[in-house]
Amino acid sequence: MPRPIEALIHPDALAHNLGRARALAPDARLWAVVKANAYGHGIERVFDALRSADGFALLDLAEAERLRALDWRGPILLLEGCFDARDLELCSRLNLWHVVHCEAQIDWLAAHKTHQPHRVFLKMNSGMNRLGFTPTAFRGAWVRLNALPQVDEISLMTHFADADGPRGIAHQVAAFEAATHDLPGERSLANSAAILRHLGPAAAGSAALRNDWVRAGILSYGCAPDFPEHDIAHWQLQPTMTLRSRLIGVQALQPGDTVGYGSRFTAEQAMRIGIVACGYADGYPRHCPTGTPVLVEGQRTRTVGRVSMDMLAVDLTPVPGAQIGSEVTLWGRGPRQALLPIDEVAQAAGTIGYELMCALAPRVPVRGDTEPAA
C-alpha cells in the first residue's frame with residue numbers, strides 16, 4: 001500500500017470562505033487569489049469551489065493558461081504584471097488583465113502591437129515599499145498609460161502592509177486618496193486582512209474605504225491573517241486543507257529515555273509515543289518544537305522530539321487506545337469533527353499558515369475530499 005500520508009482539499013470550506021468575503025464586501029466585485037498553485041491546494045482542485053468569484057488573480061502566466069484551459073472566460077489579473085515585453089503577447093491572446101507597477105512595463109506597452117487594448121491596474125506604493133509608483137509619481141504614470149492606444153481601461157490599486165495589525169490602513173488610504181481622488185477608474189485596495197478587519201458593518205470607517213474589487217487571498221484558504229489576535233472561528237472561516245497520516249510505530253518509554261535526533265525530548269515518566277509517517281520531506285517544519293499541537297484519532301496531543309525527514313513522534317498519553325494505524329491529523333479536519341487550525345501549527349513553528357500550505361512537498365498525494373483515495 002502507499003505510504004499513509006495525504007492532503008485533503010475541502011471544496012465546501014473554500015466556497016464557504018469565499019462567501020464570507022462576499023458578505024463583508026457585498027458591493028464589491030471579488031478576486032479569488034490563486035497564486036502559488038492556489039496556495040498549495042491546486043488550481044484545478046479549487047476551481048469549481050471558487051468559480052463564483054468575479055475573477056481570478058495570480059502571478060504566473062502558466063497558471064493563467066491553466067485557468068483558461070478550465071474554460072474560465074472571466075477576468076484574470078496578473079498581480080505582478082508582465083516580467084518581459086514578450087509576456088504582452090500572451091496577455092493579448094488569453095485576454096489577461098495585468099498590473100503596471102513600474103516605468104519599464106509602460107515602455108513595453110508603448111512598443112506592443114495589439115488589435116485589442118489592454119485592461120491594466122496601475123499600482124501605487126502607498127507605504128508597503130515593494131512594488132508600485134510612489135504617490136508623487138503615480139499621476140505621471142497614469143497620464144502616460146492614458147495616452148497609449150494599447151491601453152483601454154485603467155484601474156487603480158494598492159496593497160496594505162499593516163491591515164492585520166494595530167497600525168492599520170488609515171495612513172495608506174490617505175496617501176492613496178490624496179493622489180487619486182480626481183482620477184477615474186475602479187479601485188482595488190482590500191486584501192484578506194482588510195476585508196476581515198476594515199470592511200463590513202462592524203468596521204469603523206468602512207464607508208470611506210472604496211473598493212470596486214477586493215482580493216480574497218488567504219482568507220479563502222481558512223487562515224486568519226491576524227492570528228493569534230483572532231482565529232478562524234472568530235472570522236467564521238473553515239479549514240480548507242487537511243494534512244493527515246497514520247501511526248506506523250509505537251514505543252514505550254521509561255523515565256530518562258530520549259526521543260529522536262539530538263535527544264531533544266527526555267521522558268520524565270513512563271509513557272507511550274507514536275511514530276507518524278510525516279516529516280520535513282513532506283513539508284512539515286523541521287523546527288516545530290516539542291509541544292506542537294497534533295490530533296490522534298481526533299484527540300489533541302503534542303509532538304515530542306525533533307522532526308526528522310520522514311517521521312515525527314507524538315505523545316500518546318491523552319490517547320491510551322492509539323495503536324499502529326491510528327489516524328493522525330497534522331492540521332485541518334480530524335475524526336469526530338475535531339479541528340486543528342493550520343495557524344496553530346504554524347505559530348509553534350514560528351511561521352504562518354500561508355507558508356505551510358505552500359510548502360507541502362510534491363511527494364504528498366493531494367486529493368479533494370470527494371475524490372476516491374489512490
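**Exercise 1. Find which helices each supply at least two residues of the lining of the largest pocket, and describe that lining**.

Solution. Helix H2 (35–39), helix H9 (192–198) and helix H11 (353–358) each supply at least two residues of the lining of the largest pocket, and the model in which they are found is a predicted one. Among these elements, H2 provides the largest share, 3 residues. The next step is to look at the lining as a whole: 27 residues line this pocket, and those nearest its centre are Lys-35, Tyr-39, Arg-130, His-159 and Asn-191. Sorted by kind, the lining residues of the largest pocket comprise 16 nonpolar, 4 polar and 7 charged. The space that lies in the largest pocket comes to about 600 Å³.

**Exercise 2. Work out which strand gives the most to the lining of the second largest pocket**.

Solution. Begin with the pocket itself, the second largest, whose volume is about 310 Å³. It is lined by 16 residues, and Arg-3, Pro-4, Ile-5, Glu-6 and Ala-373 are the closest to its centre. Two strands, S10 (241–253) and S19 (366–368), each supply at least two residues of this lining, and S10 gives the most, with 3 residues. By kind, the lining of the second largest pocket divides into 9 nonpolar, 1 polar and 6 charged residues.

**Exercise 3. Decide how the buried residues of helix H8 are arranged around its axis, and name what covers them**.

Solution. First list the buried residues of H8, which spans residues 170–180: they are Gln-172, Val-173, Phe-176, Ala-179 and Thr-180. Seen down the axis of H8, these buried residues fall within an arc of 140 degrees, so they line one face of the helix. On the other side of H8, Ala-170 and Ala-178 are exposed. Finally, turn to the cover over the buried residues of H8, which includes strand S6 (118–124), helix H7 (135–146), strand S7 (151–158) and strand S8 (187–188).

**Exercise 4. Explain why Cys-82 and Cys-91 do not form a disulfide**.

Solution. A disulfide requires a pair of cysteine sulfur atoms within 2.5 Å, and by this rule the count comes to 0 disulfides. Cys-82 is in no disulfide, and the nearest cysteine sulfur to it, that of Cys-91, is 3.7 Å away. Taken from the other side, the closest cysteine sulfur to that of Cys-91 is in Cys-82, and the bond is absent because 3.7 Å is too far. As for their surroundings, Cys-82 is buried, with a relative accessible area of 5%, and Cys-91 is also buried, with a relative accessible area of 2%.

Definitions and conventions: Residues numbered from 1 in each chain as written. Predicted model: local features only at pLDDT ≥ 70, side-chain atom pairs only at ≥ 80, totals over all residues. Heavy atoms only, no water. Buried < 20%, exposed > 50% of the residue type's maximum accessible area, 1.4 Å probe, protein only. 1 Å grid on protein atoms, 1.4 Å probe; cavity = no way out; pocket = protein on both sides within 12 Å on 5 of 7 lines; lining within 4 Å. Points joined across faces, edges and corners; volume = space filled by probe spheres on them. Helix = DSSP H or I, 4+ residues; strand = E, 2+ residues; numbered from the N terminus. Nonpolar A, V, L, I, M, F, W, Y, C, P; charged D, E, K, R; others polar. Arc of directions from axis to C-beta. Contact = heavy atoms within 4.5 Å.
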